[in-house]
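Please look through the sequence and the model shown here before reading on. The report that follows takes up the sheet, then a pair of helices, and then the nonpolar core.

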Amino acid sequence: MATLAEPEQDFTRLPNLPEDVFTAPLKKPEHVGDDWLEPKQTEYDSEDDAIWDDLFARQMSVLPGRAATAFMEGTEKLDLGRGGVPEFGKLSEELDKLTGWSVVPVPMLIPDHVFFWHLANRRFPAGNFIRTRETFDYIQEPDVFHDVFGHVPMLTDPVYADYMQEYGRAGWKAMRYNRLKALGALYWYTVEFGLIQEAPGDIRAYGAGILSGPTEVVYSVEAKSPNRIMLNVDRVMRTDYVISDLQPTYFVIESFEDLYRQTVERDFDKLYRDLGPGFTYANTAVIDVDYVVNRGTLEYTLRGGRGSGAKPV
């Protein structure tokens with residue numbers, strides 16, 4: 001993804017955020033610095049550890065055959081089922097040996113430019129809290145289970161790990177053009193909700209938003225409702241997405257090398273100049289340039305989705 005990044009940028013220093021760049025306003029907690037890092041990881045109690053263990057067991061009961069091979073291998077390499085919330089120091093030691101990444105605790109969602117900076121330096125920011133029993137099935141803000149279980153196993157894959165770093169380096173160019181929503185759509189449809197075709201007829205999930213919840217794991221790869229379309233970076237960055245429900249459309253890659261190649265070889269300066277400030281395509285759209293793997297019925301979405309009680313079929 002070298003063409004996305006500013007070649008003169010010093011990634012060792014946190015960049016200043018220009019006033020004319022539009023980002024979501026987030027109030028920084030007083031106890032963290034400009035890097036938004038927590039002084040230390042939360043000391044989780046026995047109930048917290050039990051919640052992790054129960055979430056882990058639930059996901060592992062539905063992931064085999066549906067999760068990307070790289071993800072399943074990553075959970076084994078990092079032994080995420082060893083019991084309780086993983087200790088970030090130990091996890092980082094193991095991850096560093098594999099791909100040079102580490103996991104760092106943050107209190108909440110962090111500003112875009114800070115998030116990009118951590119990724120550019122091969123640090124993955126993970127929420128420093130875990131959901132409760134009351135929010136066991138769904139939590140709006142990413143917690144330690146979503147961040148560590150959903151994201152970190154994929155960072156054991158060398159090509160994917162490089163993609164994540166280059167995505168972070170790409171962030172400042174998107175900010176300069178005020179096209180963070182477009183770059184965010186790429187993250188959403190790959191890192192959070194991406195699918196991979198491992199063999200003809202064998203589509204699996206690698207996105208953390210899918211892998212950290214039981215319903216979407218099955219829905220994304222087996223249901224008739226959603227569209228499944230081969231990834232086209234230009235198209236994806238013009239496509240709206242759903243934040244609080246199952247996706248009407250998923251994008252499929254051939255391999256992680258294919259994902260990396262599609263971004264490395266793209267002239268993002270030209271793309272950003274051509275993009276409007278909003279999205280061009282609805283999240284349900286199938287357009288003439290799409291290579292469609294499955295044209296969905298959109299039944300779940302058309303019936304009203306989660307709020308209507310529609311079945312994810």
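Which residue in β4 is the bridge partner of Ala 199? In this predicted model, the partner of Ala 199 is Asp 202, and this pair belongs to the place where strand β3 (residues 195-199) and β4, running antiparallel, are joined by four bridges. The hairpin that these two strands form has two residues between the strands, and Gly 201 takes a positive phi near 80° there.

**The sheet**

Strands β3 and β4 are part of an open sheet of five strands, whose order is β4-β3-β6-β5-β7 and whose pairing is mixed. At its edges lie β4 (202-205) and β7 (292-294), each of which pairs on one side only, and the twist from one strand to the next averages 35°. The table sets out three of the pairings in this sheet.

| Strands | Sense | Bridges |
|---|---|---|
| β3 and β4 | antiparallel | four |
| β3 and β6 | parallel | two |
| β5 and β6 | parallel | four |

Strand β6 (residues 249-253) thus appears beside strand β5 (residues 227-230) as well as beside β3. Val 252 in β6 can be followed on both sides, since this residue is the bridge partner of Met 230 and also stands opposite Leu 195.

**Two helices that cross**

Helix α4 (residues 112-120) and helix α6 (residues 158-176) have axes that come within 7 Å and cross at roughly 145°, and the crossing in which α4 passes α6 is left-handed. On the side of α4, the residues that meet α6 are His 113, Phe 116, Trp 117, Leu 119 and Ala 120, while those in α6 include Met 164, Tyr 167, Arg 169, Trp 172 and Met 175. Sorted by class, this contact of α4 with α6 has eight nonpolar residues, four polar ones and one charged.

**The nonpolar core**

Met 164 leads from the helix pair to the largest nonpolar core, which has 92 residues and in which Met 164 is listed among those with the most contacts, together with Phe 71, Val 148, Tyr 160, Tyr 206 and Met 237. Helix α7 (residues 180-192) gives the most to this core, with nine residues. If neighbours within four places in sequence are left aside, Met 164 is in contact with Trp 101, Leu 119, Phe 124, Leu 155, Tyr 187 and Val 191. As general background, nonpolar side chains in soluble globular proteins tend to be buried together.

Definitions and conventions
Residues are numbered from 1 along each chain as its sequence is written. This is a predicted model: local features need pLDDT of at least 70, side-chain atom pairs count only at pLDDT 80 or more; totals for chains, interfaces and linings use all residues. Side-chain values use heavy atoms; hydrogens and water are left out. Axes are lines fitted to C-alpha atoms, for helices over the stretch in contact, and angles run from 0 to 180 degrees between N-to-C directions. A crossing is left-handed if the near helix is turned anticlockwise from the far one by less than a right angle, and right-handed if clockwise. Contact means heavy atoms within 4.5 Å. Ala, Val, Leu, Ile, Met, Phe, Trp, Tyr, Cys and Pro count as nonpolar, Asp, Glu, Lys and Arg as charged, and the others, Gly among them, as polar. A nonpolar core is a set of buried Ala, Val, Leu, Ile, Met, Phe, Trp, Tyr and Cys residues joined through side-chain atoms within 4.5 Å. Buried means under 20% relative accessible area, exposed over 50%, partly exposed in between (1.4 Å probe, protein chains only). Two strands pair if DSSP finds at least two bridges between them.
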